[in-house]
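Q: Please take a close look at the salt bridges of this chain. Which side chains pair, and how are they placed with respect to the surface?

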Amino acid sequence: MKHCMSFIESETGQTTPGSSLFHVIPVPYEKTVSYGKGTSRGPGAIIAASQQLETFDGTGIPIEYGIYTCRAVNCRGRDTTVLKRIEDAVITVLETGKIPVILGGEHTVSYGPAMAMKQHFGNFGLVHFDAHADLRDLMEGRKFAHGCVMRRIHELKIPLIQIATRGYSTEEHTYRINNSNIKYYDAASIYRDNIFNIEFPDNFPDDIYISVDVDALDPSVIQHTGTPVPGGLLWYDFFRFINSIPASKRIRGFDVVELAPVKGSSVSDYTAAQLTYNMMGIISRRI
């Protein structure tokens with residue numbers, strides 16, 4: 001991705017790191033997608049679509065807290081090399097007390113922020129929105145692939161809460177039920193039982209990171225993603241879950257990944273940009 005503009009720059013103009021709460025980190029990484037391709041163009045498409053956003057998100061004006069867009073992470077080289085670059089970029093943001101906002105790229109990129117969060121906070125929990133569990137041990141022989149990322153993160157002793165899952169293997173199902181520190185809300189259960197709030201276990205850390213694969217949302221909301229799966233979350237239902245996070249939990253960062261833009265349609269791009277901006281709004285109102 002050639003980074004030539006900043007997130008919602010049409011409204012913010014040029015910003016500085018010190019004056020901005022949110023630091024957007026584009027990560028155009030795509031090496032292990034298994035179906036639809038194009039996630040490397042996701043960060044650029046989200047940033048381009050953000051130029052059309054309204055500054056008022058319906059409740060407040062998130063840009064008043066400052067939004068700075070970092071240089072895109074160099075995604076050339078070995079997977080472990082790229083993931084270390086992502087980790088370093090996120091650590092730099094966390095050390096200044098700011099909120100990292102990672103735009104992917106395939107979901108593998110979330111391992112980098114997880115490593116940074118663990119290094120900086122020690123103990124934290126991850127809330128994961130996704131159609132897929134991403135708990136495979138290997139995918140096409142790779143340990144670091146989009147379908148393995150939550151397995152690698154969980155192996156770091158990081159507790160997980162998975163929301164909207166509905167397409168996963170028996171291997172992942174078995175792994176999930178055999179690990180008590182993975183809580184999950186399958187999409188079918190969400191709509192069958194009308195559950196739209198997260199119940200955090202008593203021992204779940206107060207510092208949390210949120211990872212959003214856009215295929216957590218139904219294809220009627222976001223169509224252009226690597227592996228769209230029917231039966232996902234609707235727009236307002238997604239934010240019901242986000243808003244259910246208690247004030248005692250501190251959202252330290254988040255990512256939005258797996259957008260695969262296509263020529264001739266900007267609906268999914270704009271929706272992902274709006275989701276990103278709304279997430280910033282929710283976090284800014286919790287400070």
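A: In this predicted model, 59% of the 287 residues of the chain count as buried. The accessible surface comes to about 11900 Å², and carbon and sulfur atoms account for 49% of that area. The chain has nine helices and eight strands. Its C-alpha trace spans about 50 × 40 × 40 Å along the principal axes. A compact globule of 287 residues would have a radius of gyration near 19 Å, and the 17 Å of this chain agrees with that. Among contacts between residues at least 6 apart in sequence, 77% join residues at least 24 apart.

As for charge, the chain carries 28 positive and 31 negative side chains. The centres of these two sets lie 5 Å apart. Side chains of opposite charge can pair when their charged atoms come close. The structure holds 14 salt bridges, and three of them are described here, starting with R250 and D207.

R250 forms a salt bridge with D207, with 2.9 Å between the closest N and O atoms. This pair links distant parts of the chain, as R250 lies in strand β8 (residues 250–257) and D207 in strand β7 (residues 207–213), 43 residues apart. The two partners fall into separate accessibility classes: R250 has a relative accessible area of 38% and is partly exposed, whereas D207 is buried because its value of 11% is under 20%.

R192 and D193 form another salt bridge, at 3.2 Å from N to O. Here R192 counts as exposed, because its relative accessibility of 60% is over the 50% cut-off. D193 has 39% relative accessibility and counts as partly exposed.

A further salt bridge joins K143 and D137, whose closest N and O atoms are 3.0 Å apart. Both partners lie between the two cut-offs: K143 is partly exposed at 38% relative accessibility, and D137 is partly exposed with a relative accessible area of 25%.

To return to the first pair, the buried partner is D207, with its relative accessible area of 11%. Elsewhere, salt bridges with shared partners join D137, K143, R151, R152, E155 and E171 into one network. The salt bridge between K143 and D137 thus has both of its residues among the members of that network.

Technical notes: Residues are numbered from 1 along each chain as its sequence is written. This is a predicted model: local features need pLDDT of at least 70, side-chain atom pairs count only at pLDDT 80 or more; totals for chains, interfaces and linings use all residues. Side-chain values use heavy atoms; hydrogens and water are left out. Helices (H or I, at least four residues) and strands (E, at least two) are DSSP runs, numbered from the N terminus. The radius of gyration is taken over C-alpha atoms; the globule rule is 2.2 Å times the number of residues to the power 0.38. Buried means under 20% relative accessible area, exposed over 50%, partly exposed in between (1.4 Å probe, protein chains only). Contact means heavy atoms within 4.5 Å. Accessible areas come from the Shrake-Rupley method with a 1.4 Å probe; for residues, only the protein chains shown count as cover. Lys and Arg count as positive and Asp and Glu as negative; His and the chain ends are not counted. The place of a charge is taken as NZ of Lys, CZ of Arg, CG of Asp or CD of Glu. A salt bridge is a side-chain nitrogen of Lys or Arg within 4 Å of a carboxyl oxygen of Asp or Glu.
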